[in-house]
Amino acid sequence: MQNNSNGIMLFKELVEVFEKLKKTQSRLEKTAIIADFIKNVPPDEMPVVVTFLIGRVFPLWDERKIGIAGQTIIKVISSITYNSESKVIESYKRTGHLGITAEEMFQRRRQAMFFEADELTVMDVNRTFAEIARQAGAGSAAKKQKLLIGLLHRATPKEAEYIVSLAIEYVLSGAKEGVMEEAIAKAFGVDVELVRRANMLTSDLGETARVAMLEGERGLKGISIRPMRPVRPMLAQNVASIQEALEVLGGRADFETKYDGARLQVHKLGDQVRLYSRRLENLTEALPEIVRYVKQSVKADSVILDCECIATDPKTGRPVPFQNILTRLRRIYKVEETEKLFPLFLRPFDILYVNGESMIDLPFIERRRILEQNIMPVDEKCKPATALITDKVEEAQELFDESIKRGNEGLMAKDLQATYTPGVRGRKMVKIKEVLDTLDLAIVSAEWGHGRKAGWLTSFEVAAYDEENDRYLVLGKVASGFSDEQLQEMTERLKPLIHAERGRVVDVKPDVIVEVKFQEIQKSPIYSSGYALRFPRLVRVRDDMSPEEVNTIGRVLNIYDISHGKPARHVGPQPDGCGDNPA
DNA sequence: GATGCCTGCCC
DNA sequence: ATTCTGC
DNA sequence: GCAGAATGGGCAGGCATC
C-alpha cells in the first residue's frame with residue numbers, strides 16, 4: 001500500500017458486511033456474503049480487508065502487537081463519551097461486549113459533526129492500528145489511547161463498535177479462517193484445498209486472497225514451504241484411551257511420549273537457526289542452548305523440524321514443572337542465568353523440510369525415517385522422541401504407564417500414513433492424557449460472562465475448606481464443562497447468595513458445591529490456598545452435598561504431595577478414589 | 001527502585 | 001489448555 | 001467432524017505510579 005493512499009474501501013462497507021454476517025448462523029451464507037464482497041476489493045487493499053474480516057488486526061506471522069485490550073478500551077470509551085469508567089464497566093457487564101458498549105455509548109453522546117468528505121476508510125483504520133502498535137517507551141500508553149481516540153472521533157456509533165471490536169480482536173461474526181478460506185475459493189473460482197494449503201504455509205489469508213485474485217490457482221500452487229518462514233504446527237485431538245487411539249488411527253499407530261513442554265518449530269538455513277513457538281512467535285533469543293544443539297546435531301544445510309522443548313531436573317531425572325519452563329520461553333533479560341536454573345532439552349518428532357525439499361506431503365512413517373537420518377543425537381540433550389509402532393493395546397498401554405511413571409503427561413499417537421497438515425487439529429494425531437483426579441469444592445465467587453454468554457454468571461471461583469480456621473481457601477476458577485443450561489441454572493441459583501460486588505465479579509455465600517476435575521495441582525502465586533488446579537473443569541454440580549462436606553485443604557495438600565513424590569503431610573479420613581492417584 | 005496493572009502467549 | 005454448540 | 005467461541009493457571013516484559 002502506498003503511504004499516501006487512503007484506499008477506496010470505506011470502513012462502513014466492512015461494517016455492513018460484519019452486520020450481515022452476524023444476522024445468519026449458516027456457514028454457507030457467511031461464505032457467500034464474504035465471497036460477494038471480496039470480489040470487488042482492490043488487490044492493494046485485499047490483505048487488510050481480509051485480515052480485518054477474520055477479526056484480526058495483523059496477520060498471524062506479523063510480530064507487531066497493538067498493546068491495547070479491555071482495560072484500555074474501558075478508559076478510551078469513558079474519555080471519548082464523557083462517561084465515568086464505572087458507567088462503562090456497568091454497561092460492559094450487561095452487554096458482555098466492549099464493541100457493543102462503545103456503540104451504545106456513542107449513540108447517547110451528544111451528536112458530533114460528521115463530514116461526508118471525511119468518511120473513514122479501511123486503510124485509515126489500518127494505518128492507525130499500525131501507528132498504535134509502533135508506540136513504545138515512556139508515555140506510549142497515553143499515546144496509544146490518543147491515537148485510538150482520534151480515530152473514534154471520526155467514527156459513527158456503528159463504526160466505533162467495530163473499531164473497538166477489531167482493536168481487541170473480538171468481532172464475533174462467526175467468520176474466521178475456515179469460512180474465509182471457503183469464501184476466497186468461491187470468490188475467485190479456485191480450489192478450496194489450494195487456498196487452505198496456501199494459508200497453512202503463509203499464515204496470511206489476506207495475501208492468499210490477493211494471490212487467488214490476481215494469479216488464480218497457478219499462483220496458489222507457487223506458494224511453498226521454506227526455511228525461516230514459520231508454518232503453523234499440526235495439532236492433536238484428545239482421545240480417552242489407547243484403544244480409542246488405535247481405532248481412530250486405523251488399528252496400528254506410532255506412539256510417543258507426551259511431554260509437558262513447549263512446542264518448538266526449528267528452522268535451520270546454513271548456519272542460521274531460528275526457533276518458533278506454536279503461535280509463530282520467534283523464541284530464538286530466549287533459548288540459546290537449543291540453538292547450539294541444533295547446530296551440533298543437524299548436518300543438513302536446511303531443515304524445518306517439529307519438536308517439543310522440555311526440561312528435566314538433573315538430580316531426579318523427572319520433568320520440571322511447566323511453570324519453570326515458562327520462565328524461559330519469552331525471556332530477553334538474564335537469559336544465561338535462567339538457562340542455568342532450567343536447562344532445556346530438545347525432542348524433535350517430525351520433519352517438514354530438508355535441503356530444499358518439502359516433506360509435508362510424505363506419509364508420517366517416511367518423515368520419521370528421514371527425521372532419524374537427519375538428527376545426530378547430542379546425548380540426552382537433543383534426540384528424537386522415542387517412538388513405538390504397534391497395533392497392540394497392551395504394548396502401547398505399557399508405554400503409557402511408563403510415561404506416567406516418569407512424570408510425563410501420557411502419549412501422542414500418530415497415523416502412519418498421514419501427511420503433515422499444518423494448523424489442522426484433525427484425527428491424524430491424537431493425545432492420550434492421564435486419568436484425572438477430582439475434588440468437591442464450594443463456589444465462593446462468580447463472574448459475568450461475555451459475548452454469547454452475556455448476562456450469565458460463567459466463571460466460578462472454587463475453594464476447599466480449612467477446618468483449623470473455619471474458612472474457605474480458594475483453588476482457582478472453573479468455567480469449562482458447563483452446558484448453557486447449567487450456566488443459566490447456576491446464575492439463578494447464585495443470585496440470591498450474592499453478598500458483595502466487585503466490578504464484573506460477585507462474591508457469594510459458599511452454598512453450591514461442584515465436583516471439579518483437573519490434571520494437576522500446582523503452586524499458585526495468587527490464590528489464597530497457595531495452590532491452584534491446572535486445567536480445571538466441571539464434572540457435575542453436587543446437589544447432593546452440603547457445604548460442610550466440601551473437600552478440605554488437607555486433602556488438597558495430600559494430593560499435591562503424593563503427586564510430587566513426597567510423603568503426605570496431612571493425615572485424616574481419605575474417602576476412596578481421591579488423592580491416591582499419583583501424577 | 002519497588003510495586004502493580006495490563007497485555008500477550010505458553011500450556 | 002478443555003469443553004460445548006451448531007453447521 | 002470441524003470451526004468457532006468461551007473459558008482455565010501462570011509467566012515475562014512494558015509501562016505507570018508511588
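**Questions of contact and burial**

Modeller: Let's start at the DNA: a backbone N or O atom of Gly137 lies 2.3 Å from a phosphate oxygen of DNA strand D. Please keep in mind that this is a predicted model.

Biologist: What makes that pair of Gly137 and DNA strand D a polar contact?

Modeller: A pair of N or O atoms has to be within 3.5 Å. The Gly137 pair is at 2.3 Å, so it meets that cut-off. A polar side-chain atom of Arg27 is 3.3 Å from a sugar or linking oxygen of DNA strand D, and a side-chain N or O atom of Gln522 is 3.0 Å from such an oxygen. These two pairs qualify as well, because the limit is 3.5 Å.

Biologist: Which part of DNA strand D comes within 4 Å of the protein?

Modeller: First the protein side: 42 residues surround the strand, and Gly137, Ile332, Tyr333, Ser459 and Tyr527 are the closest. Of the strand's atoms within 4 Å of the protein, 95% belong to sugar and phosphate. The surface residues there divide into 16 nonpolar, 17 polar and nine charged. Among the elements that each supply at least two of these residues are helix H8 (140–153), helix H10 (177–188) and strand S12 (457–466).

Biologist: Let's turn to the record. Why is Glu256 called buried?

Modeller: Its relative accessibility is 2%, and buried means under 20%, so the label follows. Glu256 sits in strand S2 (residues 253–258), and the residues it touches include Phe349, Arg368, Thr386 and Lys414.

Biologist: How do you know that Glu256 and Lys414 make a polar contact through their side chains?

Modeller: The distance is 3.2 Å, which is within the 3.5 Å limit.

Biologist: Which other residues share the annotation that covers Glu256?

Modeller: An unreviewed UniProt entry gives "binding site" for Glu256, Arg263, Arg278, Glu308, Phe349, Arg425 and Lys431.

Biologist: Why is Glu308 classed as it is, buried or exposed?

Modeller: Buried, because its relative accessible area is 12% and the cut-off is 20%. Glu308 lies in strand S5 (residues 302–311). Arg263 and Phe349 are among the residues that Glu308 touches. A polar atom of the Glu308 side chain also lies 3.4 Å from the backbone nitrogen of Ala262.

Biologist: And what makes Arg425 partly exposed?

Modeller: At 39% relative accessibility, Arg425 falls between 20% and 50%, so it is neither buried nor exposed. Arg425 is placed in strand S10 (residues 425–433). Its contacts include Arg278 and Lys431, and a polar atom of its side chain is 2.7 Å from the backbone oxygen of Ala236.

Biologist: Which residues have the most contacts inside the largest nonpolar core?

Modeller: They are Phe11, Ile38, Leu53, Phe129 and Ile163, in a core of 85 residues. Helix H10 gives the largest share of this core, seven residues. There is also a second, separate core of 34 residues, including Ile443, Met490, Leu494 and Leu533.

Biologist: What does Leu53 touch, leaving aside its neighbours within four places in sequence?

Modeller: Leu14, Val17, Phe18, Ile34, Phe37, Ile38, Ser173, Ala175 and Met180 are in contact with Leu53. Each counts because it has a heavy atom within 4.5 Å of one in Leu53.

Methods. Residues numbered from 1 in each chain as written. Chains lettered and ligands numbered in written order. Predicted model: local features only at pLDDT ≥ 70, side-chain atom pairs only at ≥ 80, totals over all residues. Heavy atoms only, no water. Helix = DSSP H or I, 4+ residues; strand = E, 2+ residues; numbered from the N terminus. Buried < 20%, exposed > 50% of the residue type's maximum accessible area, 1.4 Å probe, protein only. Polar contact = N/O pair within 3.5 Å; in protein donor to acceptor, adjacent residues only side chain to side chain. UniProt positions renumbered as here; feature names shortened; annotations may be inferred. Near = heavy atom within 4 Å. Nonpolar A, V, L, I, M, F, W, Y, C, P; charged D, E, K, R; others polar. Core = buried A, V, L, I, M, F, W, Y, C linked by side-chain atoms within 4.5 Å.
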